[in-house]
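Hi everyone, thanks for making time this morning. I'd like to walk you through one structure, so let's put it up on the screen.

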Amino acid sequence: MTETYGEHPRGKHFKAPAPEAPGVARPDETAVFITAAERARVTPHPRTSTDETSVFLAMAEQSMNATPARPAVTAPTPSHPFSSISEGPGSTGNLAAAQGGETGLFPPLYNGASGSSSVPGAGIPQDVSRREFEQELEFTRTTSEGMPAPGPEELPDGSAAEADDDDFSASGDYESVGRSAGLMTLLIVISRLTGFARTWFMGLAFGVSLLASSYNIANNLPNMLYELVMGGMLVTAFLPVYMDARRLGGKEGANAYVGNLLSILLVVLGVASVAACVFAPALIWTQSFMSSGEEMETAVYFFRIFAFQILFYGLGSVFSGVLNAHRDYFWSNVGPILNNVVVIASFVAFPFLQQVSDAVAITVLAVGTTAGVFVQMACQIPALGRHGIHPRLHIDLRDPLLRKTVSLGVPTIIATLCTLVTSSVMNSTALAVQPGTGSSVIAYARLWYTLPYALLAVSLNTALYTELARDATRGDDDAVRAGLSRGIAQQFFVLIPFALYLMVFSFPLNMIYCAGKFDLEGVGLVAEYLRFLAPSLPLYGVCMLMQKGCSALRNMHPYAAFILAGAVAEIAWSVTFALGLGGGMPFIALSMTASYLVSDIGAFWWMRRRLHGLRAKQIVHGILAGLLLGGLGAAAGAGVLALLETFVAPLVTYLPDGTAQTAGMLQTVAYLAVAGIVSLVVTFGPAIALKFPEADMFRSILRRVRR
C-alpha cells in the first residue's frame, strides 16, 4: 500500500498530480523533492528571499538526514540519482543498504573523507565541491528560517509520536566530549562513593578473609561469563550497528533491531544463566585450580544465585548502548548508584542476620547482590521511550543487522576468553602464594585502582566512542584520527598523575578500610599490592580506548590479536616471576603492566597503519604533561601528608608494648582530602589555566560546579 505524505507541493517546479492509472503506483513525493532539489541547486537563485528552491532544498536535506524506512514505489533508473528501492515481502533492497552496500532508500552522499559520491552520478554533481555543497546547504538553512518546523508525526490513534531531534548522519561533535564527560564524571563520583561504601561495609563484615575471597570470586564470575557469551560482542558491536539502523531505517528500523536483539538475549543469556547455576562447582574451580577446592563451597553457593546476573547484564548493556547513541548518559550512570545502594543494604543487614543464621545471612546477601544488578538494568527502561524506542519482542535470525553485529563482535570472544583465562590465573596464583586471602587482596586493591579510571577515563571513553562511531560511519578517517589521538593524549594526561597518586597514598587509602575485621595487617597487604599495580593504570585506560576505536572502525580482529598477545605476556610473567621465582603478590600486580604494555604497542602499530598515522606530537604532549605535572602534584601531596603526620598526629602509633594504634576514619579521610586537593591543584591547575586541550573535561566540571 502506497503511503501519502501530506498535501502535494505547489510551485513552479511541480505540476498538478496526474490521475493514477489502475495498478500503477504513485511516485514517492520525497524522491520527487530530492530530484527537484538536485536539478535546481545548480541554478543561481537570489539570496535575498526565501524562494521555493530553497524550501525544496531544505526539505530534501531534512529527508536525507531522517531517512525513514518507508515503502518506495518508483523503479530506480540511472537518471534518477536518488531512486527508491522497492521494499516488500522478500525484498532485499534496504537490507543491502543496512549491510553497507550502495543500495538503499537514500545512498550516502559521501564515501570517506574524499567527498566523492558513493554512487556514480548520484548525490552531488561532479563539478561541485563538497565545501560548495555544504555552503549551499548552510545558505538554505539561513534563508528558510521563516518556515515552520515540522511537527511530530501523527499516529493512527491521533496521538503524537516523540520528536526525533538527533541526526545520525551528522559528523561527530568532539567539542561535546568534554561536556558529556563532565556530566558523567559527576554521576560517577556519586557512584564511586556508594561503591566505596559498599566495599567498606564488605570489609567491615568480612575483612581480608576466605569469606571475602569467596564472595568476590563468585561475584566477578557472572560478569566474565556474560562477557564471554555475549557481552564483548554487545559492547563493541552494538553502538555502530544501532547507528546504522537508526540512520537507514529511522525509529522503526531501530525498534526492529533492538527488539530482535533483546529477544535473542532473553533466550541465549537465560539459558546461560541456568547452565551456570547447574555447573557452578566446575566454574568456580576455574578461578581456584591452583589451590585446594574445599574452601570454595561458599563461593559455589553464592554463584548459584549470582548466575542470573548474566541475563541482567546483557539486557542492561543494550539499554545503555541505545541511550549512549543518543548522547543520553544519565540513567546508564545512575544505574550503578542504585545497584550499590541495594547491595549496601544487604551488607548492613548481614551482621544482624548472621547472629540468627550464617545460611540466612549469606542467602540474603546473595539475593541482594543480584537484585542490585536487576535494578541497574531496569532503571534505564523508562528513558528509552523518550528517544522513540519501543521494541517489539521477536526473533529474526536472518536480519542483516544481526549478522553485522555478530560478524563485528565475534573477534571479541577471543579477547573475552583471554580476560577469563588471565583472571583465572591471577586468582589461582594469588591463592597459591597467599592462601585464603590472596584473591581478597586483589579485590580490595582494585577498588582504588579502578577509581580514577571510572571517574575520569570511562566518561571520556564513552563520550568519545559515540563521536568516533559517528565519524567512522561516515568514512571520515581524518576525523577519527584526530579524535582518537586527542583521546589517547587525554588518557595519558589524566591517568599518569593518578597512578602516581595511588603509589604515594596507597597506605592511607587502605587505612579507611581499617574497621571491624579489616586489621592493620590487611591494610599493609593491600597497600603493597596497590603500589605495584598502579603503574599499569594509564596503559589500561589507553587499551580500553583502543577497544572503542576498533569497534568504531568496525574491525575487532586487531583488538583480539593485541589482547591475546597481552594475555600471553601476563600469564608468563605471573607464572615465572610470582610463582616460579617466589616474587609473590607484587609480581602478580606487575603482570598487569606487562600485559597492557604489550597490548598498547600492538594497538598503536595497527591504528597508525589503519588511519595512516596518529598525531604523535599531541600524544607525546599528553604523556609529558602527565609525567611532569603529575610528578609535581604527587610530590606536593606526599609532602603535605608527611607534615600532617609530623605536626598534627600520625596515622599509626605504636604503643610501648608493641601494639599498633590506628587513627580514626575521619582523621584519615581528612588527611587524604587535604593532601589530595593539593596534589590535584598542583597538577591540573596549571593545565586549566594554560588551557591545555587535555584538560577540557576539568574545565567543564568547574563550569558545572560554578552554576
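**A walk through the model**

Let me start with the surface: the protein exposes about 30500 Å², and carbon and sulfur atoms supply 65% of that. Please keep in mind that what you see is a predicted model.

For the overall make-up, there are 24 helices and two strands. Of the 707 residues in the protein, 54% are buried. And if you take the contacts with a separation of 6 or more, 80% of them come from residues 24 or more positions apart.

Now to the interior. The largest nonpolar core has 156 residues, and the members that touch the most others are Phe-206, Phe-303, Phe-493 and Tyr-529. The most generous contributor to this core is helix 6, residues 210–278, which gives 24 residues.

Let's zoom in on one of those hubs. What does Phe-303 touch, once we leave out residues up to four places away in sequence? The list is Ala-218, Leu-221, Pro-222, Leu-225, Ala-276, Ala-280, Leu-283 and Ile-284.

Another hub, Phe-206, also turns up in an aromatic cluster: ring pairs link it with Tyr-215, Phe-302, Phe-306, Phe-347 and Phe-350.

Staying with the rings, a quick reminder for the geometry fans: a pair of aromatic rings is described by the distance of the centres and the angle of the planes. This structure holds 24 aromatic pairs. One of them is Trp-200 with Phe-201, an edge-to-face pair with 5.2 Å centre to centre and 85° between the planes. How do the two partners fare for accessibility? Trp-200 has a relative accessible area of 18%, so it falls under the 20% cut-off and counts as buried. Phe-201, at 24%, counts as partly exposed.

Compare that with Trp-448 and Tyr-513. Their ring centres are 6.0 Å apart and the planes sit at 45°, so this pair is tilted. Trp-448 belongs to helix 15 (residues 438–474), while Tyr-513 is in the loop between helix 17 (506–511) and helix 18 (520–533), so the pair ties together parts that are 65 residues apart in sequence. Both Trp-448 and Tyr-513 are buried.

Since helix 18 has come up, let me show you Val-526, which is located there. Its relative accessible area is 0%, so Val-526 is buried. Beyond its neighbours within four places in sequence, Val-526 is in contact with Val-441, Tyr-444, Ala-445, Asn-510 and Phe-518. And here is a nice long-range relation: Val-526 and Val-208 are 318 residues apart in sequence, yet their C-alpha atoms are 9.1 Å apart in space.

A polar residue next. Is Gln-287 buried or exposed? Gln-287 is buried, with a relative accessible area of 0%. You'll find Gln-287 in the loop between helix 7 (280–285) and helix 8 (297–306). Leaving aside neighbours within four places in sequence, its contacts are Ile-217, Leu-221, Met-224, Leu-420, Ser-423, Ser-424, Asn-427, Ser-428 and Leu-431. You may recognise Leu-221, which Phe-303 touches too.

Let's move on to helix 23, residues 665–689. Does the length add up, and what should we expect? At 1.5 Å a residue, its 25 residues should span 36 Å, and the end C-alpha atoms are 34 Å apart, which agrees. Where is the kink in helix 23? The kink, of about 30°, lies at Thr-683, shortly before the proline Pro-686. Thr-683 is also one of the buried residues in this helix, which include Tyr-671, Leu-672, Gly-676 and Phe-684.

Finally, some backbone angles. Most residues other than glycine have a negative phi. Two residues are worth a look here. Just after helix 23, Lys-691 takes a positive phi of about 60°. Lys-691 sits in the loop between helix 23 and helix 24 (696–706), and with a relative accessible area of 65% it is exposed. The other is Arg-554, with a positive phi of about 60° although it is not a glycine. Arg-554 lies in the loop between helix 19 (537–552) and helix 20 (557–580). At 27% relative accessibility, Arg-554 counts as partly exposed.

That's my tour, and I'm happy to take questions.

Conventions. Residues are numbered from 1 along each chain as its sequence is written. This is a predicted model: local features need pLDDT of at least 70, side-chain atom pairs count only at pLDDT 80 or more; totals for chains, interfaces and linings use all residues. Side-chain values use heavy atoms; hydrogens and water are left out. Helices (H or I, at least four residues) and strands (E, at least two) are DSSP runs, numbered from the N terminus. Buried means under 20% relative accessible area, exposed over 50%, partly exposed in between (1.4 Å probe, protein chains only). Contact means heavy atoms within 4.5 Å. Accessible areas come from the Shrake-Rupley method with a 1.4 Å probe; for residues, only the protein chains shown count as cover. The expected span of a helix is 1.5 Å times one less than its number of residues. The bend at a residue is the angle between axes fitted to the seven residues ending there and the seven starting there. Rings of Phe, Tyr and Trp (its six-membered ring) pair if their centres lie within 6.5 Å; planes under 30 degrees apart count as stacked, over 60 as edge-to-face and the rest as tilted. A nonpolar core is a set of buried Ala, Val, Leu, Ile, Met, Phe, Trp, Tyr and Cys residues joined through side-chain atoms within 4.5 Å.
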